Amino acid sequence: MTETPLITPNGEYTVDISNGDVNLHMYPTGTRVVPPRPAQHWVWNGTAWVEGMRVVASSDVNKERDRRLAEDLECNGSLFDFDPVSKTRISGAGTLALGAIVDGAQPGDRRWHISDYDFVWIDANTHPDPMDAHQVYAFGQAAAAKEARMILRATALKAMHPIPLDYKDDSYWV
């Protein structure tokens with residue numbers, strides 16, 4: 001099968017998929033074969049493709065938000081995995097830590113979770129990071145804050161008309 005790019009008289013771009021022979025009689029009168037469109041935002045000016053206005057879609061912003069959300073979480077000078085499974089674990093640990101604090105866990109007590117072992121969280125470099133209940137609760141808060149920050153920043157970008165072409169720039173996300 002061959003894909004042949006076409007422009008209709010009203011400027012509509014389409015692609016004919018055939019065995020190699022394009023039957024222009026199947027299209028509006030004046031339809032003609034053109035070179036392939038270089039990119040989605042290029043437009044036909046009647047004789048050639050020219051770069052048109054680039055448009056950033058909400059889905060582009062969502063992809064950038066999700067990419068940033070998957071980046072490691074920095075907390076107390078350490079980096080921690082922040083993939084979806086890690087987020088769930090951090091959230092659960094933060095909830096357990098809050099319960100331990102309510103039950104009287106003291107700062108510095110690292111055996112708040114299982115009395116025979118110090119509580120440790122393995123950082124992104126596979127080093128153990130011992131934490132008391134108060135530190136784990138703060139860790140959970142930092143994770144929730146990162147998630148909320150990225151969602152709010154993405155929402156603000158999607159509310160802009162048009163969405164800036166440099167939407168991936170850190171200045172929009174910090």
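Select E64 in this predicted model. E64 sits in helix α1, which covers residues 58-69. Its relative accessibility is 4%, so E64 counts as buried. Show the side chains of R67 and R68 as well. A polar contact of 2.7 Å runs between the side chains of E64 and R67, and another, of 2.8 Å, joins the side chains of E64 and R68. Now display what surrounds E64 beyond its neighbours within four places in sequence: E64 is in contact with Y167, K168 and W173.

Stay on helix α1 and move to V61, which is also found there. Is V61 buried or exposed? V61 has a relative accessible area of 0%, and therefore it is buried. Not counting residues up to four places away in sequence, V61 touches V56, A154, L157, K158, I163, Y167 and W173. Y167 and W173 are thus on the list for V61 and on the list for E64. For a distance check, draw a line from the C-alpha of V61 to the C-alpha of D170: these residues are 109 apart in sequence and 13 Å apart in space.

Next, select helices α2 and α3. Helix α2 spans residues 84-102 and helix α3 spans residues 133-159. Their axes are 8 Å apart, and the two helices pack at an angle of about 135°. An angle over 145° would count as roughly antiparallel, and 65 to 115° as roughly perpendicular, so α2 is oblique to α3. The crossing in which α2 passes α3 is left-handed.

To see where the two helices meet, colour the residues of each side separately. On α2, the residues are K87, I90, A93, G94, A97, L98, A100 and I101. On α3, they are A133, H134, V136, Y137, F139, G140, A143 and E147. Keep F139 displayed, as it returns at the next stop: ring pairs link F139 with F80, W112, F119 and W121 into a cluster.

How many aromatic pairs does the structure hold? There are five. A pair of aromatic rings is described by the distance of the centres and the angle of the planes. Within the cluster, pick F119 and W121. Their rings form a tilted pair, with 6.2 Å from centre to centre and 35° between the planes. Both residues can then be checked for exposure. F119 has 10% relative accessibility and so counts as buried; W121, at 14%, counts as buried because the limit for that class is 20%.

Another of the aromatic pairs is formed by W44 and W49. Here the centres are 5.2 Å apart and the planes stand at 75°, an edge-to-face arrangement. W44 and W49 are both buried.

From W44, step back to W42. W42 lies in strand β4, residues 42-44. W42 has 24% relative accessibility and therefore counts as partly exposed. Outside its neighbours within four places in sequence, W42 is in contact with R37, W49, V50, E51 and G52. W49 is the residue whose ring pairs with W44. Now add F82 to the view: W42 and F82 are 40 residues apart in sequence, and their C-alpha atoms are 37 Å apart in space.

The last stops concern the backbone. Most residues other than glycine have a negative phi, and most peptide bonds are trans.

Select N76, in the loop between β6 (73-75) and β7 (78-80). N76 is not a glycine, and its phi is positive, near 50°. With 65% relative accessibility, N76 counts as exposed because that value is over 50%.

Then go to T126, in the loop between β8 (120-122) and β9 (128-130). What is the phi of T126? Although T126 is not a glycine, its phi is positive, at about 60°. Its relative accessibility is 62%, so T126 counts as exposed.

Finish at P162, which lies in the segment after α3. Select H161 together with P162 and show the backbone: the peptide bond that joins them is cis, with omega about 0°.

Technical notes: Residues are numbered from 1 along each chain as its sequence is written. This is a predicted model: local features need pLDDT of at least 70, side-chain atom pairs count only at pLDDT 80 or more; totals for chains, interfaces and linings use all residues. Side-chain values use heavy atoms; hydrogens and water are left out. Rings of Phe, Tyr and Trp (its six-membered ring) pair if their centres lie within 6.5 Å; planes under 30 degrees apart count as stacked, over 60 as edge-to-face and the rest as tilted. Buried means under 20% relative accessible area, exposed over 50%, partly exposed in between (1.4 Å probe, protein chains only). Helices (H or I, at least four residues) and strands (E, at least two) are DSSP runs, numbered from the N terminus. A polar contact is a pair of N or O atoms within 3.5 Å; within protein, one must be able to donate a hydrogen and the other to accept it, and residues adjacent in sequence count only if both atoms are side-chain atoms. Contact means heavy atoms within 4.5 Å. Axes are lines fitted to C-alpha atoms, for helices over the stretch in contact, and angles run from 0 to 180 degrees between N-to-C directions. Angles under 35 degrees count as roughly parallel, over 145 as roughly antiparallel, 65 to 115 as roughly perpendicular and the rest as oblique. A crossing is left-handed if the near helix is turned anticlockwise from the far one by less than a right angle, and right-handed if clockwise.
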